[in-house]
Amino acid sequence: MDLVDAQQARRVLDRMVGYSISPLLWQKVKRGLSAGRVQSVALRIIADREAEIDAFIPQEYWTLEAAFAVKGSKKPLIAKYYGNPQKQENISAQEMEDIVRQLEGAAYRVTDIKKGERTKKPPFPFTTSTLQQEGAKNMNFSTQKTMRIAQQLYEGVTVKGRGSIGLITYLRTDSTRISEEADRECKEFIRENYGEENIISANYIKKEDKKIQDAHEAIRPTYVDLTPAMVKDSLTRDQFRLYQVIWKRFVASRMQPARYETTSVKIEAGEYQFTAAASKIAFEGFHIIYTEAEEEKKEGGVLLKGLEEGVSLSLEDFDAKQHFTQPPAHYTEAALVKTLEELGIGRPSTYAPTISTIIARRYVVKENKNLYVTELGDVVNRIMKNSFPSIVDPNFTAN
């Protein structure tokens with residue numbers, strides 16, 4: 001009953017906030033505007049980020065890379081300047097000139113080679129928030145579009161030989177929990193198709209947040225044996241892409257972690273230190289099926305053979321680069337959903353409507369994925385912050 005009462009309380013608060021403040025905005029700014037318990041906080045979060053970006057003053061800093069020739073290898077070893085011998089950060093142009101001058105004619109020697117292993121755990125199955133983020137990053141869907149397509153997959157699609165069936169479980173959820181039956185079926189599926197060695201040995205349980213209601217399972221395919229390839233002909237292109245990512249993520253969540261062999265090398269020139277690191281995949285694990293959008297770009301690095309401790313290296317070239325510190329990025333829909341979830345603002349079912357409301361009211365415009373506050377949004381946000389600071393406070397609505 002506490003959960004029911006909480007939902008009632010949210011509804012009542014929504015009415016009180018929305019119905020009391022919206023008419024004030026009509027009088028002060030223009031008709032047709034609205035304020036709300038969740039939307040006004042979302043607007044404030046975007047506006048605060050814009051203010052942060054406007055106030056940002058870039059700082060210059062320099063980095064140095066060195067290319068070393070290694071016996072028996074055609075490719076040079078690229079190492080990054082580390083420090084003298086403590087780590088140096090935010091190096092100015094003058095300091096960089098001094099470092100390069102000191103290093104001219106120095107003798108370079110490999111002083112330490114560490115080999116290790118790191119593992120990457122499989123991802124959790126999707127919740128509403130993570131599905132919306134993946135839809136935005138991977139397929140460039142708006143949160144609203146992701147939810148609309150998920151709704152179609154949930155309501156049911158006519159699949160050849162099966163009739164009309166719902167392909168995914170309920171799409172509004174904040175839990176990564178999976179039923180025992182689904183877990184068992186999925187492991188059986190992995191055993192038959194990918195081999196026993198790929199089944200996860202220990203289940204990773206997400207540390208559940210106090211804010212989570214856990215009323216539904218995570219979003220997963222209803223029948224794991226209905227692979228994306230089997231239903232492709234029955235689905236539209238977008239439905240297929242969303243079903244495929246849900247299916248892959250669910251199966252991957254029941255597979256072994258990926259293992260990487262890592263190598264880190266320390267190179268010294270007198271007091272100065274350079275470091276190089278590389279990793280290569282030793283056991284694919286869940287990567288057989290699923291790689292997150294960001295992950296694909298990151299992996300890499302060449303493990304150099306013929307490197308041993310004490311070996312002298314000959315310097316081929318220095319590459320000193322100028323950089324400037326970057327302001328925080330503008331919010332995208334995916335980043336905003338992630339922030340709302342982290343702050344505990346809004347339930348899974350409200351992320352998409354909240355974002356579409358502030359866009360429809362012209363408080364925010366979307367350009368190349370980024371969300372920008374309009375002049376109107378800025379005015380409304382200022383009125384709300386000055387007159388109703390307790391309502392546009394993220395903690396109020398989270399509590």
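Which backbone oxygen lies 2.7 Å from a polar atom of the side chain of Ser22? In this predicted model, the backbone oxygen belongs to Gly18. The surroundings of Ser22 are taken up again below, after the overall layout of the protein.

The protein has 399 residues, and 40% of them count as buried. Its secondary structure consists of 13 helices and ten strands. Taken along the principal axes, a box of roughly 75 × 60 × 40 Å holds the C-alpha atoms. Among contacts with a separation of 6 or more, 78% are between residues 24 or more positions apart. The exposed surface comes to about 21,900 Å², with 48% of it supplied by carbon and sulfur atoms. As for charge, there are 57 positive and 55 negative side chains. The centres of these two sets lie 5 Å apart.

We start with helix α1, which covers residues 2-28. Its 27 residues reach 39 Å from the first C-alpha to the last, close to the 39 Å expected at 1.5 Å a residue. The buried residues of α1 are Val17, Gly18, Ile21, Ser22 and Leu25. An α-helix has 3.6 residues a turn, so residues three or four places apart point the same way. Part of the cover over the buried residues of α1 comes from α12 (375-387).

Ser22 lies in helix α1. Ser22 counts as buried because its relative accessible area is 8%, under the 20% cut-off. Besides the pairing with the backbone oxygen of Gly18 at 2.7 Å, the side chain of Ser22 reaches the backbone nitrogen of Ala35 at 3.1 Å. Leaving aside neighbours within four places in sequence, the contacts of Ser22 are Val17, Leu33, Ser34 and Ala35. Val17 is itself among the buried residues of α1.

A charged residue is the next stop. Asp174 sits in the loop between β5 (163-165) and α6 (180-194). With a relative accessible area of 12%, Asp174 is also under 20% and therefore counts as buried. Where does the side chain of Asp174 make a polar contact? The partner is the side chain of Arg347, at 2.7 Å.

Helix α6, at one end of that loop, also leads to α8, since the buried residues of α8 pack against α4 (128-139), α5 (143-155), α6 and α7 (228-231). Helix α8 has 16 residues, which should span 22 Å at 1.5 Å a residue; the end C-alpha atoms are 22 Å apart, which agrees. Buried in α8 are Gln239, Phe240, Leu242, Tyr243, Val245, Ile246, Trp247, Arg249, Phe250, Val251 and Ala252. Aromatic residues appear in this list, including Trp247, and so does the charged residue Arg249.

Gln239 lies in helix α8, which runs over residues 237-252. Why does Gln239 count as buried? The reason is its relative accessibility of 9%, which is under the 20% cut-off. The side chain of Gln239 reaches the backbone nitrogen of Thr236 at 3.0 Å. Apart from neighbours within four places in sequence, Gln239 is in contact with Ile149, Gln152 and Leu153. Helix α5 (143-155) is one of the elements that the buried residues of α8 pack against. For a sense of distance across the model, Gln239 and Ser73 are 166 residues apart in sequence and 48 Å apart in space, C-alpha to C-alpha.

Conventions: Residues numbered from 1 in each chain as written. Predicted model: local features only at pLDDT ≥ 70, side-chain atom pairs only at ≥ 80, totals over all residues. Heavy atoms only, no water. Helix = DSSP H or I, 4+ residues; strand = E, 2+ residues; numbered from the N terminus. Expected span 1.5 Å × (residues − 1). Buried < 20%, exposed > 50% of the residue type's maximum accessible area, 1.4 Å probe, protein only. Contact = heavy atoms within 4.5 Å. Areas by Shrake-Rupley, 256 points an atom, 1.4 Å probe, with all protein chains shown as cover. Charge placed at Lys NZ, Arg CZ, Asp CG, Glu CD. Polar contact = N/O pair within 3.5 Å; in protein donor to acceptor, adjacent residues only side chain to side chain.
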